Amino acid sequence: MDTSRKPLSSSDALHRLLVVMLTLLPAVQSMPVPTDVPMCTAAETAQYSLTFTGKWTQAAFPKQYPVYRPPAQWSSLIGVTHSSDFHMWQSNEFASNGVREFAEKGEAWTVMKEVETAGERIQSVYGILSAPAAVGGTGQMNTEFEVFARHSYLSFIVRLVPSPDWFVGADSVDLCDGDHWRDKVTLELFPFDAGTDSGFTFSSPNFETIPQDRITQITSSFPSHPANSFFYPRLKHLPPIAKVTLTKIKKMNRILSVPLEPTQSNLLPTGNEIEDKLINTPLDCEVSAWSPWGLCKGKCGDSGVQHRTRYVIMQPANNGAACPLLEEERKCFPDNCL
């Protein structure tokens, strides 16, 4: 037996699985579309490129930012092109078993089976797309996909790693505008909670939510708990944690080959794009509750002094409020004095 073959990483294995399933996904036939949504009348299919760019930096999200074991990063992207009568996931609705497994563990098999079943049953799914995992909170990934009039919508999901069950994504982005395709669409992404795990922090242990909650967007004040990794009460809104750019590929100008060696024109940025402003989110100091007052120390007949203390839970960052005093004293009179 040849044991020299290098094993596939989990992200590589997932990407290959998605490619295989995309190949095996059966073609679908046209069905009547709902009458309560705009109808796309574009005559030709359209090709799009998708670029996912992470904005998960320690400056923008300093609270409990994952530095190691594992550091902040992104899972593979899973997406679907579909008609208006299908939803991969929806805010304020319950996550399917497939979305649950992907949001918690990054496992894609069940969600892919759900997509395939929907395509066979209601013929609402046209294709599956994927992109390999992005290393680092500001990592980038790319893929291409096709849409046509009957299936002009795009949905996708990407897991935050590490996290209990948090993800970013889009639900039913319509790339068609009447009789033509949109040239470019930019989506700013914010974190969602799948409602299946009750962890408050990026590195929380698995703690199943019973009964299951609905999918909700995480904000600077929700969940309203100081332990939450996204709790920034001074902010009205969280900064976007990622961005997706969808660009229609012009067939006449499509690049047929890629240079073998990287050049200045085809190098991908390793962080946020140039036009993005550097975000520094202020993080205020957090301290514990006061300890009980200590013993009163002093001579009999005279007033004494007693102390109480507290400790720092979270150091300030990015010009956040400084830590208050950690020790207090007050006058007292010794008890049990002889």
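Here are a few friendly notes on one helix pair and one strand residue in this predicted model.

1. Let's start with the helix pair. Helix α2 covers residues 97-105 and helix α3 covers residues 109-121. Their axes lie 7 Å apart, and the packing angle is about 150 degrees. Angles over 145 degrees count as roughly antiparallel, and α2 and α3 are therefore roughly antiparallel to each other. As for handedness, the α2 and α3 crossing is left-handed.

2. Which residues make this contact? On the α2 side they are N97, G98, V99 and E101, while α3 contributes T110, V111 and E114. By character, the residues where α2 meets α3 split into two nonpolar, three polar and two charged.

3. You may also want to look at burial along α2. The buried residues there are G98, V99, R100, F102, A103 and E104. Of these, G98 and V99 also take part in the contact with α3. The buried set includes R100 and E104, both of which count as charged.

4. Just past the end of α2 comes G106. The phi of G106 is positive, near 75 degrees, so please keep an eye on this residue when you go through the backbone angles.

5. Finally, a look at T53, which sits in strand β1, residues 46-54. Is T53 buried or exposed? Its relative accessibility is 2%, and because buried means under 20%, T53 counts as buried. The T53 side chain also has a polar partner: it makes a polar contact with the side chain of Q140, at 2.9 Å.

How values were computed
Residues numbered from 1 in each chain as written. Predicted model: local features only at pLDDT ≥ 70, side-chain atom pairs only at ≥ 80, totals over all residues. Heavy atoms only, no water. Helix = DSSP H or I, 4+ residues; strand = E, 2+ residues; numbered from the N terminus. Buried < 20%, exposed > 50% of the residue type's maximum accessible area, 1.4 Å probe, protein only. Polar contact = N/O pair within 3.5 Å; in protein donor to acceptor, adjacent residues only side chain to side chain. Axes fitted to C-alpha atoms, helices over the stretch in contact; angles between N-to-C directions. Parallel < 35°, antiparallel > 145°, perpendicular 65-115°, else oblique. Left-handed = near helix turned anticlockwise from the far one by under 90°. Contact = heavy atoms within 4.5 Å.
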